[in-house]
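Here are a few exercises to work through with the model open beside you. Try each one before you read its solution.

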Amino acid sequence: MTEREAAPAAASAPDSRIRESDSRNLVMRIAVAVVLIPLAVAIAYAGGWLWTALVTLAAIGLFVEWLAIVGLSGATRVTVPGVAALAVAGLCFAIGRLDAALIVLGVGFVAVVSIAPERRGWAAAGFLYAAAAEIASVLVRLDPIRGFAALMFVLLIVWVTDSGGYFAGRGIGGPKLWPSVSPKKTWAGAVGGFAASLAVAAGFAAFDLGKAGPLLMLSGALSVVSQLGDLFESAVKRRFGVKDSSHIIPGHGGLMDRLDGFVAAVVVAALFGLLRGGADGVGRGLMVW
């Protein structure tokens, strides 16, 4: 082999290893999703204290990972009151005391802000992020009639936006969406995820779970919000030079890496449903037009 022939071969070796690594990572992601998604759907269907327990554990995980990202993982005096507030609020949600849960979270926020030795703003933002995810996830499922349908609507939009964006981005490529924050995301992926979310709305309408027009608009909005939530988390990690929020989920990274889009989407969905249906009718506010 001549020197000229050897150069392209050497250059292609790293590319081959990258493709092989990406392929293994995709297989791992699919395998984990096959296990976790049915489990999440089953718990969402059960609702009640079981769903609240899952949401509370996830919120605690989000807060702990956020502190790790911003360099406060060793600040026990910040972690303990924040985790305690999220846990007690979850207990209040489970017994139907929404008012008490909000009071507990308010006290927890004040405690975190007051005790944080440094990066106080980042600590406060992390607690608000986790608390908002906890409150919104509980409220969307709370409606006994429409809660499950509303929650599945949000979950499916986030899942297909992520999957549609992944495959469209890799299959089509093209200009990057925001290379300084997320180098792998493309405009093609963003459009692909958006289009996939519209299919979810069409499916819900076909099964008479809502009117097509409003659901299409809502699904499009939540898809965009989900992608913005993903970019927001990427921006925070890049700000602190972190690749993954943790390694708790094989092939997926941490809870924040998997739930960033869901947190943004469910918070916006809860706010919208709250305005239309009240605290006990968020699901109805989202699905009934």
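**Exercise 1.** Write down the pattern of helices and strands along the sequence.

*Solution.* Start with the ground rules: this is a predicted model, where local features need pLDDT of at least 70, side-chain atom pairs count only at pLDDT 80 or more, and totals for chains, interfaces and linings use all residues. Residues are numbered from 1 along each chain as its sequence is written, and side-chain values use heavy atoms, leaving out hydrogens and water. Next, take helices as DSSP runs of H or I with at least four residues and strands as E runs of at least two, numbered from the N terminus. Reading along then gives α-α-α-α-α-α-β-β-α-α-α-α, with ten helices and two strands in the protein.

**Exercise 2.** Work out how S1 and S2 are arranged.

*Solution.* Find S1 at residues 176–178 and S2 at residues 182–186. Two bridges join them, and they run antiparallel; DSSP must find at least two bridges for strands to pair. Now look across from tryptophan 178: serine 182 in S2 stands opposite. Finally, three residues lie between S1 and S2, which form a hairpin.

**Exercise 3.** Compare the reach of H2 with its expected span.

*Solution.* H2 covers residues 48–69, 22 residues in total. The expected span is 1.5 Å times one less than the number of residues. That comes to 32 Å, and the reach from first C-alpha to last is close to this, at 32 Å. After H2 comes glycine 71, with a positive phi near 85°.
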